[in-house]
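Here is a short tour of one protein model, written for someone who likes to look at side chains. Please keep the viewer open while reading.

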Amino acid sequence: MCGIAGLLWRDGQRAGDATLVGAMCDALRHRGPDDEGVWADGPAAIGMRRLSIIDLAGGHQPIFNETGRIGVVMNGEIYNYRALREQLLARGHVLRTHSDTEVLVHLYEDYGEHLVEHLRGMFAFAIWDADRGTLLLGRDHFGIKPLYVAEGHGFVAFASELKALVAVGATSREIDGEALDLYLQLGYVPAPWSIFRDVRKLLPAHTLTIRRGESPRQRCYWQLPTGTVDPGGDVVAYVREALDDAVAAHLVADVPIAAFLSGGIDSSAVVSGMAGMGYASRAFTARYHGSGAEGTDEVPLARALANRYGLPLTVVDVEPAVQDLLSPICHALDEPLADESAVPTWILSQAVAASYKVVLAGTGGDELFGGYRRHRGLALADRWNRVPPLVRRGVSRLAQAIPEPRNGSLSITRLKRFVRAGNGTPVERYADFVGRLGPAEFTAVRPQGRGDRHTAHFGALGAPGTADGALRSALRIDYGCYLPDDILALSDRVSSAHSLEVRVPFVDVRLVERLFTLPDHYRIRGSVQKWVLREAVRPRLTPNHFTAPKRGFVGPTASWLRNEMRAVLEDELAAARMQRLGLFDVRAIGELLQAHTTRRANHESTLWALMVFSLWHGHYVEQQPAVPQLTVPRLAP
């Protein structure tokens, strides 16, 4: 894991500014405390901060080709770099290090922008070709690694994190209204938007080529496979072998690797796979405390698996007194990101980073195998929509009147969301399932916004797979925005704040290419979700792993907001504070807050999103950057 940054003067009249890019890299120091490097050539300058994981002594970046005229900086890991290195040597290339980054510059010599089609890994990179005056940016297939791009009057700047662009004044920091609407509904800002109007994220599986005198050109180099393919034979064994291959690929490193372990199937599958390969990794698990924590304890399951394989287990306590953590977490996240799992991820990452640089996680199993409740909800929605409209409207009115359970459960909230879903397409239903606010609620909270932007965005993401059916369309949407812009973005920023690299074997291009086209009945069979994955790892886990409820990697947020975190919630959402922001309806927010604290309704997701936005706004809009402003032309209005 590293942090990269750079700037290109597109008119070619100004020299690359190493001081400017050095200041951007300073803002990324947490991503790479081991090394730094900046190179300026002609109108360009590129730089990086490095966390040394492969070729600890020889992997200094930027890395150059044989002539020294093509240089590269990269954030991430190329898991098949050894095979690529051998191929390059056989073709006569001269490689001076054993770093995975070096293969990129030589692949570029052979394939140009098509080099990405040979890579298996997680990456964001920048290649400056001095002879051609070309800057090439690239991002991995699933957006595991981030890349922000700001284009202004005569320049293009890029960085692994938004804070590097903020630090040098490469953005006006004006909030994008469309992005804010999307955030309020989804809890995150999907690419290509960023929360700032003049900054965009490079989309996953895309490259961006920038040449003097030409408009920047984006190219999509990979898409999820289409169609349905039943591999035949022993499908359970086929899935098990594919998963083992992915886990093995993610163990390439010159430093020890730890593992996140909950009681869930996904992280348990990764840890048991590692153990089966003889990799005796230390596992880390979270234990929640405070109000509402009774139903969140997965330590017994994690301990049972660790004991089964003789692995050391560290239990990390997550206390509800996390007020002091919220501010640094919101700063680390770059953009407002309302995923409550940021808190345990922060605490776990801090604990792991005390002894390790790399940790494996079970992220991505739900997206590949249909593990979320909403995936099963799509199938149930087909039956629900066969009920006469008059009956459905009556049931919906009755559901809205049901009081929330006092234990903070979301069961009633989910019921209300399900019955309000209309007769639309599967994509429209899915948008309704995941949207945090109904149309009337959204309009009340943000009268100047539009609450349906996520529906249109989902339609574009799910369209290529309409022939695959409702479930596959939903999975495409998850891969297109929820996975990269919520789950992976959170994991990257929070772990990077502690100089820790998180690897995700389920989010592996070879694994997804093999398994995404599996027929849906291997994913959901009756009431059982992720059926084929469960069967694949059944011999490796304990019986209790298959009877435990799905909890997710979050604490008892609803209860915390009503009790231990109530003071910070009310402070951030105070009427005077919301009035100063000028983005939301003050009265509507007050009503949501009162309804939640009095247990008349569970509004934890919306209240958490508003609280996070307020904290983020204080860091990125109201405060001046910590690094002095440098002279960079403002972006076009």
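How many aromatic pairs does a search of the whole structure find? The search finds 18. Please keep in mind that this is a predicted model.

**Aromatic rings**

One of these pairs is formed by Tyr372 and Tyr482, whose rings sit edge-to-face, with 5.7 Å from centre to centre and 85° between the planes. Tyr372 belongs to the loop between helix 11 (365–369) and helix 12 (373–384), while Tyr482 is part of helix 18, so the pair ties together parts that are 110 residues apart in sequence. Tyr372 and Tyr482 are both buried. Tyr482 also has a charged companion: Arg374 lies over the face of its ring, 4.8 Å from the ring centre. A similar arrangement brings Arg514 over the face of Tyr238, at 4.9 Å from the ring centre.

Elsewhere, ring pairs join Tyr183, Phe196, Phe584, Phe613, Trp616 and Tyr620 into a cluster. Two members of that cluster, Phe584 and Phe613, come up again in the next section.

**The nonpolar cores**

In soluble globular proteins, nonpolar side chains tend to be buried together. Here the largest nonpolar core has 191 residues, and the members that touch the most others are Leu115, Phe125, Leu165, Phe584 and Phe613. Helix 18, spanning residues 470–496, gives the most to this core, with 13 residues.

Phe125 is a good place to zoom in. Leaving aside residues up to four places away in sequence, Phe125 touches Ile4, Val72, Val73, Met74, Leu104, Leu115, Val116, Leu136, Leu137, Gly138 and Leu147. There is also a second, separate core of 21 residues, with Trp39, Trp128, Leu135 and Phe158 among them.

**Salt bridges**

Side chains of opposite charge can pair when their charged atoms come close. This structure holds 44 salt bridges, including the following three.

| Salt bridge | N to O distance |
|---|---|
| Glu113 and Arg219 | 3.2 Å |
| Arg453 and Glu178 | 4.0 Å |
| Lys530 and Asp266 | 2.9 Å |

Which parts of the chain does the pair of Glu113 and Arg219 link? Glu113 lies in the loop between helix 3 (102–111) and strand 6 (121–129), and Arg219 in strand 12 (residues 217–220), with the two positions 106 residues apart in sequence. Both Glu113 and Arg219 are buried.

Arg453, in helix 17 (residues 453–462), and Glu178, in helix 5 (residues 177–186), are 275 residues apart, and their pair links distant parts of the chain. Glu178 is partly exposed, with a relative accessible area of 34%.

The bridge of Lys530 and Asp266 links distant parts as well: Lys530 is in the loop between strand 19 (528–529) and helix 20 (531–537), and Asp266 is in helix 7 (residues 265–276), 264 residues apart. Are Lys530 and Asp266 buried or exposed? Both are buried.

Salt bridges also form a network, which links Arg31, Lys145, Glu161, Lys163, Asp334, Asp492 and Arg493.

**The whole protein**

Stepping back, the protein has 25 helices and 19 strands. Of its 637 residues, 61% are buried. Among contacts with a separation of 6 or more, residues 24 or more positions apart account for 73%. The accessible surface comes to about 23000 Å², and 52% of that surface belongs to carbon and sulfur atoms.

How values were computed
Residues numbered from 1 in each chain as written. Predicted model: local features only at pLDDT ≥ 70, side-chain atom pairs only at ≥ 80, totals over all residues. Heavy atoms only, no water. Core = buried A, V, L, I, M, F, W, Y, C linked by side-chain atoms within 4.5 Å. Buried < 20%, exposed > 50% of the residue type's maximum accessible area, 1.4 Å probe, protein only. Helix = DSSP H or I, 4+ residues; strand = E, 2+ residues; numbered from the N terminus. Contact = heavy atoms within 4.5 Å. Phe/Tyr/Trp six-rings, centres within 6.5 Å; stacked < 30°, edge-to-face > 60°. Lys NZ or Arg CZ within 6 Å of the ring centre and 35° of its normal. Salt bridge = Lys/Arg side-chain N within 4 Å of Asp/Glu carboxyl O. Areas by Shrake-Rupley, 256 points an atom, 1.4 Å probe, with all protein chains shown as cover.
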